[in-house]
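Q: I'm new to this one. Can you walk me through it?

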Amino acid sequence: MDQLSPDLELHPLQGKPLTLADQVVMFHLVVVVVDPYTVESSWLLDTAGEMLTQFFGADCRVAFVATADEYDTRAFLGPWAERLLTYADPDRTLAKAAEVTELPAILHIDNDCNIVGRAEGWQPDEWRELAHRLAKDMSWSAPPIPKVGDPVAFAGSPAT
């Protein structure tokens with residue numbers, strides 16, 4: 001289990017920068033990290049957004065992290081930037097700290113800033129496993145992964 005620095009800064013589209021510790025003080029954090037400049041992340045955007053919204057009522061905070069500035073983050077995510085908590089991370093600070101190698105990726109971070117789940121690229125079996133563990137931890141229902149219309153498995157683009 002990897003541990004991230006509690007002082008790692010996250011930059012929400014609305015508001016001031018927050019530390020990772022600020023974001024996990026009460027709830028686990030589940031983020032999908034996307035690269036707006038690659039087709040791989042665009043292929044999974046709706047699938048990832050729908051998966052995250054399945055956990056709205058659970059005891060976790062869900063969000064997108066885009067490896068872009070605010071403007072490009074909003075342009076890429078479109079309505080998802082309004083529906084979900086979104087962080088702009090043009091320097092790929094989170095991806096580097098979490099040692100993510102492929103984007104898109106999903107990370108489940110607990111209250112102690114430990115990465116308790118991760119999946120990189122779009123490997124539906126790995127994303128399903130993470131979602132089922134998260135659902136069990138949150139006493140919630142896991143979304144179906146993959147669902148009809150989701151892309152076939154693919155390797156992600158390089159994260160750094």
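What follows is a short chat about the fold, one strand residue and some aromatic rings.

A: Sure; keep in mind that this is a predicted model.

Q: OK. How many helices and strands are in the chain?
A: The chain has six helices and 10 strands. Its radius of gyration is 14 Å, close to the 15 Å that the globule rule gives for 160 residues, so the chain is as compact as a globular protein of that length.

Q: What box do the C-alpha atoms fill?
A: Roughly 40 × 35 × 25 Å, taken along the principal axes.

Q: And how much of the chain is buried?
A: Buried residues account for 52% of the 160. The chain exposes about 7600 Å², and carbon and sulfur atoms supply 52% of that area.

Q: What about contacts between residues far along the sequence?
A: Take the contacts between residues at least 6 apart in sequence: 64% of them join residues at least 24 apart.

Q: Switching to charges. How many positive and negative ones are there?
A: There are 11 positive and 25 negative charges, and their mean positions lie 4 Å apart.

Q: Now Ser157. Where is it?
A: Ser157 sits in strand S10, which covers residues 157-158.

Q: Buried or exposed?
A: Ser157 has a relative accessible area of 5%. The cut-off for buried is under 20%, so Ser157 counts as buried.

Q: What is Ser157 in contact with?
A: Leaving aside neighbours within four places in sequence, Ser157 touches Asp35, Thr38, Glu40, Thr101, Glu102 and Leu103.

Q: New topic: how many aromatic pairs are there?
A: The count is three. One of them is Trp43 with Phe154. Their ring centres are 5.1 Å apart and the planes meet at 85°, so this pair is edge-to-face.

Q: Why does that pair tie together parts far apart in sequence?
A: Trp43 is in helix H2 (residues 39-53), while Phe154 is in the loop between helix H6 (124-138) and S10, so the pair links parts that are 111 residues apart in sequence.

Q: Are those two rings buried or exposed?
A: They differ in class. Trp43, at 47% relative accessibility, is partly exposed, whereas Phe154, at 10%, is buried.

Q: Which other pair can you describe?
A: Trp122 and Trp127 form an edge-to-face pair, because their ring centres are 5.3 Å apart and their planes are at 70°; over 60 degrees counts as edge-to-face.

Q: And are Trp122 and Trp127 buried or exposed?
A: Trp122 and Trp127 are both buried.

Definitions and conventions. Residues are numbered from 1 along each chain as its sequence is written. This is a predicted model: local features need pLDDT of at least 70, side-chain atom pairs count only at pLDDT 80 or more; totals for chains, interfaces and linings use all residues. Side-chain values use heavy atoms; hydrogens and water are left out. Helices (H or I, at least four residues) and strands (E, at least two) are DSSP runs, numbered from the N terminus. The radius of gyration is taken over C-alpha atoms; the globule rule is 2.2 Å times the number of residues to the power 0.38. Buried means under 20% relative accessible area, exposed over 50%, partly exposed in between (1.4 Å probe, protein chains only). Contact means heavy atoms within 4.5 Å. Accessible areas come from the Shrake-Rupley method with a 1.4 Å probe; for residues, only the protein chains shown count as cover. Lys and Arg count as positive and Asp and Glu as negative; His and the chain ends are not counted. The place of a charge is taken as NZ of Lys, CZ of Arg, CG of Asp or CD of Glu. Rings of Phe, Tyr and Trp (its six-membered ring) pair if their centres lie within 6.5 Å; planes under 30 degrees apart count as stacked, over 60 as edge-to-face and the rest as tilted.
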